[in-house]
Amino acid sequence: KDITPPQGGKISIQNGRLAVPDNPILPFIRGDGTGPDIWAASQRVFDAAVQKAYGGKRKVSWFEVFAGELAKNKFDNWLPDDTIEAFKEYLVGIKGPLTTPVGGGIRSLNV
């Protein structure tokens, strides 16, 4: 595998509801263009909100996965299988804005 998750727990579905551990692993895609700047600010807000809401009893384990231009440059693939598998396995994740490839053959990754 090209990516390794951090320590933490997996979100699951139990009786039709999300079961969230105290340290959920959340995959994220930083994004292209303004994505890294947006992500840096967003992550601080998310972490502060969790800290305030749970008084330090819960904390997100952020798991960076790749898509878009960064993935194309790093793995020669706009949307690596490892990224798709991470979102399937961990159920909840977040992504920043991604470059839309020009020339056909691939849909926008922003849908």
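**Salt bridges, rings and one helix face**

Me: How many salt bridges does a search of the whole structure find?
Reply: Bear in mind that this is a predicted model, where local features need pLDDT of at least 70, side-chain atom pairs count only at pLDDT 80 or more, and totals for chains, interfaces and linings use all residues. Residues are numbered from 1 along each chain as its sequence is written, and side-chain values use heavy atoms, with hydrogens and water left out. A salt bridge puts a side-chain nitrogen of Lys or Arg within 4 Å of a carboxyl oxygen of Asp or Glu. On that basis, the search of the whole structure comes back with five.

Me: K10 and E89 form a salt bridge, but how many residues apart in sequence are the parts that this pair ties together?
Reply: The closest N and O atoms of K10 and E89 are 2.5 Å apart. K10 lies in the segment before strand 1 (12-14), while E89 is in helix 3 (helices being DSSP runs of H or I with at least four residues, strands runs of E with at least two, numbered from the N terminus). The pair therefore ties together parts whose distance along the sequence is 79 residues.

Me: Are K10 and E89 buried, partly exposed or exposed?
Reply: Buried means under 20% relative accessible area, exposed over 50%, and partly exposed in between (1.4 Å probe, protein chains only). K10 has a relative accessible area of 46%, and E89 has 34%. That makes both K10 and E89 partly exposed.

Me: R58 lies over the face of one ring; which residue does R58 form a salt bridge with?
Reply: The ring under R58 is that of Y54, with 4.9 Å to the ring centre (the cut-off is NZ of Lys or CZ of Arg within 6 Å of the centre and within 35 degrees of the ring normal). R58 is partly exposed at 25%, and its salt-bridge partner, partly exposed at 45%, sits in the loop between strand 2 (17-19) and strand 3 (25-29), 36 residues from R58. With the closest N and O atoms 3.2 Å apart, the partner is D22.

Me: Why is the pair of F63 and Y90 called edge-to-face?
Reply: It is one of seven aromatic pairs in the structure. Rings of Phe, Tyr and Trp (its six-membered ring) pair if their centres lie within 6.5 Å, and planes under 30 degrees apart count as stacked, over 60 as edge-to-face and the rest as tilted. The centres of F63 and Y90 are 5.7 Å apart, and the pair is edge-to-face because the planes stand at 85 degrees.

Me: Where do F63 and Y90 sit, and are they buried or exposed?
Reply: F63 is in strand 4 (residues 61-64) and Y90 in helix 3 (residues 81-90), so 27 residues separate these distant parts of the chain. F63 has 4% relative accessibility, and Y90 also has 4%. Both F63 and Y90 count as buried.

Me: Within what arc do the buried residues of helix 3 fall?
Reply: The buried residues of helix 3 are D82, T83, A86 and Y90. They line one face of the helix because, seen down the axis (by directions from the axis to the C-beta atoms), they fall within an arc of 100 degrees.

Me: Which exposed residues does the face of helix 3 turned away from its buried side carry?
Reply: One of them, K88, has 55% relative accessibility and meets E85 in a salt bridge of 3.8 Å, N to O. K88 and E85 are three residues apart in helix 3, about one turn. The exposed residues on that face are D81 and K88.
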